[in-house]
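Me: I am new to this structure. Please show me how to read its features, one at a time.

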Amino acid sequence: MDPLAVGVQHHKNEQQIPAQYQTLWDDLRGTAHVQIENVSHWNMNSKRMEAQARFGDILIAVGGAEGVQFLANLYHEAGKPVAPLNCPVTNPDQGALKLFNRGLSSAETAGLFKVGGVLSAHNWINRINFTTRTPVAERVEQILALLEALDPPQAFVIRLLDPQNPNYEDAQEFFDTVVQPIVEGELGYRLVVVDGHQPFEHARIDQDIFAKLHRSRVVVADITGSRPNCFLELGYALGRGLPVIMTLREGEPHPFDLTTFAALHWQAIGGVEERRRRFREHWGAIESRPPLVPPEPLIP
């Protein structure tokens with residue numbers, strides 16, 4: 001079970017907890033609800049922000065200055081939503097207010113967050129454009145409604161898309177009956193496939209592919225059929241350090257450079273529940289797999 005909250009701890013944390021919340025903090029910190037990641041050995045804000053962006057799901061920005069803008073960029077690069085609030089606690093050309101004012105332009109709002117439903121991201125940024133007359137309860141209600149409207153995190157799909165390929169129907173059935181029900185229905189991601197049938201966000205299809213791949217949270221890469229374009233996308237995902245679950249049909253050739261990279265060899269036969277169980281088990285085994293080349297900071 002994932003914790004409710006991850007606390008990124010540095011040398012000032014304990015001293016900054018208000019007195020009225022210290023007892024609550026002491027009660028929570030020893031439970032499974034709170035996970036504490038200690039980065040006090042880093043005496044630089046940027047490294048602590050990298051830890052925040054790694055563990056955080058959504059950035060709700062209030063106030064701040066350059067640090068908030070830096071943190072917002074980290075979340076954006078990771079494909080995570082940034083929800084700035086227009087609380088007048090800093091200058092309008094700094095921090096959250098600068099991000100909010102940028103988002104008021106309809107051409108820029110989608111860079112902050114994506115939403116489902118009838119309202120666009122630009123509609124939502126205007127709904128949380130609070131005035132001093134807006135009651136606190138109404139502000140809280142609108143912010144919670146925005147959080148519920150946000151799109152789920154993306155799981156980018158690399159897979160066989162050519163209907164003429166003899167493996168196509170079985171690959172389609174594998175994704176329809178095994179992958180999608182688990183990744184979307186159980187794990188809470190939204191599968192993203194770029195095949196030319198969905199609305200384009202960029203001028204060219206290759207731009208659409210790599211922009212969506214770049215900002216996805218996980219990648220499901222099925223290499224059945226050994227297509228060169230899929231290996232290019234898989235290599236990009238591995239180089240970016242994204243969590244990747246690799247699958248291929250049992251009996252298909254496993255390229256040499258990937259023979260030691262654990263993959264799920266799926267079958268086109270057998271009961272659905274058993275095939276889903278194997279997918280879940282494989283996901284659980286590799287979901288925390290480290291990147292192929294771990295980062296090696298110059299200053300440890």
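Me: How much area does the protein chain expose, and what share of it do carbon and sulfur atoms supply?

Reply: Accessible areas come from the Shrake-Rupley method with a 1.4 Å probe, and for residues only the protein chains shown count as cover. Here the protein chain exposes about 17,300 Å². Carbon and sulfur atoms supply 55% of that. A word on the source: this is a predicted model, where local features need pLDDT of at least 70, side-chain atom pairs count only at pLDDT 80 or more, and totals for chains, interfaces and linings use all residues. Residues are numbered from 1 along each chain as its sequence is written, and side-chain values use heavy atoms, with hydrogens and water left out.

Me: How many helices and strands are there in the protein chain?

Reply: Both are DSSP runs, numbered from the N terminus: helices are H or I with at least four residues, strands are E with at least two. This protein chain has 12 helices and nine strands. Its C-alpha atoms fill a box of roughly 65 × 40 × 40 Å along the principal axes.

Me: What percentage of the residues is buried?

Reply: Buried means under 20% relative accessible area, exposed means over 50%, and partly exposed lies in between (1.4 Å probe, protein chains only). Of the 300 residues in the protein chain, 36% are buried.

Me: Where does helix α9 bend?

Reply: A bend at a residue is the angle between two fitted axes, one for the seven residues ending there and one for the seven starting there. Helix α9 covers residues 168-183 and bends by about 35° at F175. Its buried residues include F174, F175, V178 and I182.

Me: What covers the buried residues of α9?

Reply: Read this through contacts, meaning heavy atoms within 4.5 Å. Among the covering elements are strands β5 (154-158) and β8 (244-249), together with helix α12 (272-286).

Me: Why does N167 count as buried?

Reply: N167 counts as buried because its relative accessible area is 12%. The residue lies in the loop between β5 and α9. Leaving aside neighbours within four places in sequence, N167 contacts L160, T224, R249 and E252.

Me: Which side chain has a polar contact with that of N167?

Reply: A polar contact is a pair of N or O atoms within 3.5 Å; within protein, one must be able to donate a hydrogen and the other to accept it, and residues adjacent in sequence count only if both atoms are side-chain atoms. The side chain of N167 makes one of 3.1 Å with that of R249.

Me: How many aromatic pairs does a search of the whole structure find?

Reply: Rings of Phe, Tyr and Trp (its six-membered ring) pair if their centres lie within 6.5 Å; planes under 30 degrees apart are stacked, over 60 edge-to-face, and the rest tilted. The search finds six pairs. Y189 and W283 have ring centres 6.0 Å apart and planes at 55°, so this pair is tilted. Y189 sits in the loop between α9 and β6, W283 in helix α12, 94 residues apart. Both are buried. F279 and W283 form a tilted pair too, 6.2 Å centre to centre with 35° between the planes.

Me: Which residues do ring pairs link into a cluster?

Reply: The cluster holds F174, F175, Y189, W266, F279 and W283.

Me: Which ring face does R289 lie over?

Reply: A charge sits over a ring if NZ of Lys or CZ of Arg is within 6 Å of the ring centre and within 35 degrees of the ring normal. R289 lies over the face of F261, at 3.8 Å from the ring centre.
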